[in-house]
Amino acid sequence: MGQGGAIGQRRPDEREGRRLAAALSIVPRVVAVILDGLRRDFVTAGHTPHLARFRAQAAFFAAHRSVFPSATRVVAASFATGCHPARHGLQGNSVALLESGVFVRHDAGGRDFLQHKRRVTGTSLAVPTMTERVRGHGGAITFSNASPGAAYAHDPDGHGFLYNRAGSFGPGRVPVAAGDELHVTGDLAGDRAMTFRFIAEVLDERRPALAVLWLHEPDHMQHELRLGSPEHLAVLRQADGHARLVLDAVDRLRSNGEDILLVAGSDHGHQTVVGVVEIEAQLIAAGLKAGSSSGDVVSVSSGTSALVYVHPDCAARVPALADFFAGCGWAGRVIPPDRLYEVGQAPVQGLAFAVSMRDEDGSNECGVPGLSLEALPGPGKPNRLGFGQHGGLGRYEQSPFLMIAGTGFEAGAVRAEPTSIVDIAPTVLRHLGLPAEGMDGRALQRV
Ligand SMILES: [Zn+2]
C-alpha cells in the first residue's frame, strides 16, 4: 500500500518521514471497521472466514446490542456520540419535526437533513461526537459508504474529515478538493474501492487518532435478498474480504510497533420481513387520525419499528392511542410516552409512542431465524417483504457483532456481559487517553 495513484501528489520522503515519526513516538490510535447490517450469527468460519479468524486475536462480545431504532442513521449517531437517541436527538431513520407548529416528515438519510434539523431544533446532534472530542488530539477521518445522512451523523458540525459519495468535507464543513472526493458506488464495488483508499491514505499516510471505515455491505444487498440464500452468502464473503484488507493492514502497522486499538463490528442485524403494516391507514380507520395528510397524529417507519408523533394540540388523544396499540396484533412492543426512556428515547419534538413491530424466532425458507413485520415505508420507498429489514427490538436485528483487539482486550476472550453500540465511543477515547464524560456508554477495556 502507499504507492497508489490517488496519493501520488504527495512526495515519498514526506510520507516516509511521517511514518518514522509515528513509529518512534508510538502515538496510540484507533481503527474501526463497520460492516453495516452483519448479524452476529453470520460471523462464522463458513460465512466470514477472515472475521472468524480475527476472533483469536480479539475479545468477542457475545451479548452485544444495537440501539433503538436499530437503524443505521440512528446507530451511527450513537456510535459517534456514545449516547442513545434521547440525548443525541436523532430519533429515527425517518422522523417528524415540528416546524412552525406543523409536523413535517423527513428521511434522515438525505444529505441535508442534519443541517436542516439544526435550523429547526437548534442542534444537528445535541451532544459532541468523537470527531469533535479528538479534534486537536490527532483528529478523525471517517469514510462511510452508507446513506449521506448516516455518514454525516459521524460529524455533522464539521470537526474532522468525513468522506461520502454525496459529498466530502474537512473541518468547518469545507468541501475537500475536487480530486479528494469519494466517488464510489453504494455497493460492493464501491466498498472495495473505498477500502483500498482508506488503507493507503488514512491508515498509512494521514494517520489520524481515529480512523473509521463504514462499509455499506452486507446491509444494502440484504434488503434485496433472502437471508441465507446463495446470493446473500456470496455478498457476506465479499464483505468479509473487505474487512480482511483492513485487518491485514493493521497487522502490518502493529508489526512496526504501533499501538492500535482495532474495532471490528456492525451497527445492527437483520430480520426477514413476513408482512407489511400500514399503520396510518389503521389509525385513520380507528378514528384516531383525521386523514392521510393530517398533522394530528403522524407515524413514520424505521423499517421494523415506527415512531408515532402526536401534535401538542391533540395530547388528549394519547390514552385512546395507547388502548388502540394494545389491541394491535402487529405491534410487538409499544412504548408509551412516559416509558420512552426505557428504550433510549425521549418524549420530545412531539414523539409519543415507539412501536417495535411483532417479531418471532421462526425461520425463513433458507433456514435463517428471525421474522418480523415491517411498518410501511414512506412514499417512494419499497417494502422488503421476503427480504432483510431492521429497526426494531427483534432478537437478530438487535444482535450486531463486536470484536476489539488491543490494549485492555484479551485475545480470544468471549465477553458475555451485555454491551451496546454506545460503549464504543468511550472505549475509543480511553485508548486515546481522552476523557469521555457525558456519555451513556462505558469503556470496555479490562486493565
Ligand atoms: Zn439497512
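About 16400 Å² of the protein chain is exposed in this predicted model, and carbon and sulfur atoms supply 54% of that area. Turning to the inside, buried residues make up 59% of the 447 residues in the chain. As for overall shape, a compact globule with 447 residues would have a radius of gyration near 22 Å, and the chain's own value of 22 Å agrees with that. Put into a box along the principal axes, the C-alpha atoms take up roughly 70 × 50 × 40 Å.

The fold is built from 13 helices and 22 strands. Among contacts with a separation of 6 or more, 70% join residues that sit 24 or more positions apart. Confidence comes out at an average pLDDT of 95, with 94% of the residues scoring at least 70. Residues 1–10 are another story: pLDDT stays under 50 there, and the model gives this stretch 17 contacts beyond four places in sequence. Where pLDDT is low, the predicted coordinates should not be read in detail.

Next comes the metal site. The zinc ion gets its protein donors from Asp219, which provides two OD entries, and from His223 and His390, each through NE2. These donors lie 2.1 to 2.4 Å from the ion. Why is the arrangement around the zinc ion irregular? The angles subtended by the four donor atoms run from 56 to 147 degrees, whereas a tetrahedral site would need all of them between 85 and 135 degrees. Along the chain, the donors follow the spacing D-x3-H-x166-H. His223 belongs to the loop between α9 (219–222) and α10 (230–255), while His390 belongs to the loop between β19 (388–389) and β20 (402–405), so the pair ties together parts that are 167 residues apart in sequence. Both histidines are tucked away: His223 is buried with a relative accessible area of 9%, and His390 counts as buried at 5%.

Helix α3 (residues 72–81) is mostly covered, with 10 of its 10 residues buried. The buried residues include Arg73, Ser78 and Phe79, along with Ala80 and Thr81. After α3 comes Gly82, which has a positive phi near 70 degrees.

Helix α5 (residues 113–121) has its own set of buried residues, namely Phe113, Leu114, Gln115 and Lys117. Their cover includes the strands β4 (94–99) and β5 (102–107), as well as helix α7 (148–152). Just past the end of α5, Gly122 takes a positive phi of about 100 degrees.

Further along, Thr129 sits in the loop between α5 and α6 (130–133). Is this threonine buried or exposed? Thr129 is buried, with a relative accessible area of 4%. Setting aside neighbours within four places in sequence, Thr129 is in contact with Ala80 and Thr81, and also with Ala153, His154, Asp155 and Pro156. Ala80 and Thr81 are themselves among the buried residues of α3.

Ala416 makes a handy contrast. This alanine is found in the loop between β21 (414–415) and β22 (419–420), and it is exposed, with a relative accessible area of 60%. The C-alpha atoms of Ala416 and Gly228 are separated by 26 Å, and the two residues are 188 residues apart along the chain.

Definitions and conventions
Residues are numbered from 1 along each chain as its sequence is written. This is a predicted model: local features need pLDDT of at least 70, side-chain atom pairs count only at pLDDT 80 or more; totals for chains, interfaces and linings use all residues. Side-chain values use heavy atoms; hydrogens and water are left out. Donors are N, O and S atoms within 2.8 Å of the metal (3.2 Å for Na, K and Ca); water is not among the atoms, so sites may look incomplete. Four donors count as tetrahedral if all angles lie between 85 and 135 degrees; four count as square planar and six as octahedral if opposite donors are over 155 degrees apart and all others between 65 and 115; anything else is irregular. Helices (H or I, at least four residues) and strands (E, at least two) are DSSP runs, numbered from the N terminus. Buried means under 20% relative accessible area, exposed over 50%, partly exposed in between (1.4 Å probe, protein chains only). pLDDT is the predictor's confidence in each residue, from 0 to 100. Contact means heavy atoms within 4.5 Å. The radius of gyration is taken over C-alpha atoms; the globule rule is 2.2 Å times the number of residues to the power 0.38. Accessible areas come from the Shrake-Rupley method with a 1.4 Å probe; for residues, only the protein chains shown count as cover.
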